[in-house]
Amino acid sequence: YKWVILATCFLMEFLCLGFCSSNVGLYTKAVTEALHIKRSVYSLSHSIRYITQVVTALYFGTLVNRFGVKKMVCVGLTSLTASVVVRGVATEFYHLYIGSVLWGVGIVFVGGTMAGTIVRRWFHKDVGRYTGIVMSANGIGGAIAAQIISPLINNGETFGYRKAYLLSAAVALGISVLVMIFLREHPQDGPAIQRTAGKKTFKGNLWQGYSYEVIRKKPYFYAAAAMVFLTGISLQSIGSISIVYMTDMGMSAGFVASIATVSSLCLTVTKILVGTVYDKKGLHFTLLMCQLAAIVAFMMKGIMDNSL
């Protein structure tokens, strides 16, 4: 049944990251023009989503331990579907903010953290590889979504983007039903991996980390937290504005959608690759590889800017 669980997690990420998150930049121009709001007002909705996501994530472990994985996934799927509907029917800017709050909650309980938690319950080894397979759904979902929703958004109608949102909501509802039918808490003999706080094994396969009571007393915990925070700021900001930036530069909607599709397809391969490298080489090597890739990406965007 673990393979059914893997497929179920794949569907979760296909929806959460692919249809409901990866291509948000495609909506920016259409929504701001249709609702006659400033770009800064619209951008605040994304900030609200991230703030909600951070606050909700603080209670992720507590809520999962108390209510179980399946109930919290149900909360996440419901919130995510509702967020797409609210953003699709919004007539005022504050409606977008309500949708963003729901969006942030949904991402926490359907996104990568939840998928990783479920995979670790069902698989004994090569956790990175299987997590990478699940997270590759981001790329596949994003690539498919970009080709479907971009023509709806740019069909010449003022509110054409609403059709894209409502289509995404229909996809979200269908996937939600499938996930709730097939998802199980854990194998019948209990969680596949027993957590032993503070006990190291080797490489990326089995080490479960330290408990909060232990780690909060170690200075490098705060250094690592700062690094993750700063990395998130740079990567998320560049990712969020790239599509909007290319559109503002005069590139056609079809070409921008193609760029988004290629980027998503690359994610399909690289997420599996990163998971496999993590299993074989451990965290330090994998993190260095990803950081270097990010630096190269930023440099390429700078060259594109200068050449145009």
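Val-64 is buried in the predicted model. Its relative accessible area is 5%, and the cut-off for burial is under 20%. Val-64 lies in helix α4, which covers residues 60-67. Leaving aside residues up to four places away in sequence, Val-64 touches Val-69, Met-72, Met-114 and Arg-121. Phe-255 stands 191 residues from Val-64 in sequence. In space, the C-alpha atoms of Val-64 and Phe-255 are 42 Å apart.

Ser-79 is a second buried position. Helix α5 holds Ser-79, and α5 spans residues 69-89. Ser-79 has a relative accessibility of 11% and therefore counts as buried, given a limit of under 20%. With residues up to four places away in sequence set aside, Ser-79 touches Leu-102, Val-105 and Gly-106.

The chain as a whole is helical in its secondary structure, with 14 helices and 0 strands. From the N terminus on, each element in the run is accordingly an α element. Of the 308 residues, 42% count as buried. The C-alpha atoms fill a box of roughly 55 × 45 × 35 Å along the principal axes. The radius of gyration is 20 Å. A compact globule of 308 residues would have a value near 19 Å, so the two agree. Contacts were also sorted by sequence separation, for residues at least 6 apart. Of these contacts, 80% join residues at least 24 apart.

Helix packing was examined for two pairs that share α8. Two packed helices are described by the angle between their axes and the distance between the axes. The first pair is α1, residues 2-19, and α8, residues 127-135. Their axes are 7 Å apart and meet at an angle of about 45°. The two helices are therefore oblique to each other, since this angle falls outside the ranges for roughly parallel (under 35 degrees), roughly perpendicular (65 to 115) and roughly antiparallel (over 145). On the α1 side, the contact involves Trp-3, Leu-6, Cys-9, Phe-10, Glu-13 and Leu-17. On the α8 side, it involves Tyr-130, Ile-133, Val-134 and Met-135. By class, this contact has 9 nonpolar residues, no polar residues and 1 charged residue.

The second pair is α8 and α9. Here the angle is about 10° and the axes are 5 Å apart. The angle is under 35 degrees, and α8 and α9 are therefore roughly parallel to each other. Ile-133, Val-134 and Met-135 of α8 make the contact with Ala-137, Asn-138 and Gly-139 of α9. This contact has 4 nonpolar, 2 polar and no charged residues. Ile-133, Val-134 and Met-135 thus appear in the contact of α8 with α1 and in the contact of α8 with α9.

Helix α10 runs from residue 160 to residue 182. At 1.5 Å a residue, its 23 residues should span 33 Å. The end C-alpha atoms are 34 Å apart, which agrees with that expectation. Several positions of α10 are buried, including Gly-160, Tyr-161, Ala-164, Tyr-165 and Ser-168. Further along α10, Ala-169, Ala-172, Ile-175, Ser-176 and Val-179 are also buried. The cover over the buried residues of α10 includes α1, α2 (28-35) and α3 (39-57). It also includes α5 (69-89) and α9 (137-153). Among these covering helices, α5 is the element that holds Ser-79, and α1 is a partner of α8.

Conventions:
Residues numbered from 1 in each chain as written. Predicted model: local features only at pLDDT ≥ 70, side-chain atom pairs only at ≥ 80, totals over all residues. Heavy atoms only, no water. Axes fitted to C-alpha atoms, helices over the stretch in contact; angles between N-to-C directions. Helix = DSSP H or I, 4+ residues; strand = E, 2+ residues; numbered from the N terminus. Contact = heavy atoms within 4.5 Å. Nonpolar A, V, L, I, M, F, W, Y, C, P; charged D, E, K, R; others polar. Expected span 1.5 Å × (residues − 1). Buried < 20%, exposed > 50% of the residue type's maximum accessible area, 1.4 Å probe, protein only. Rg over C-alpha atoms; globule rule 2.2 N^0.38 Å.
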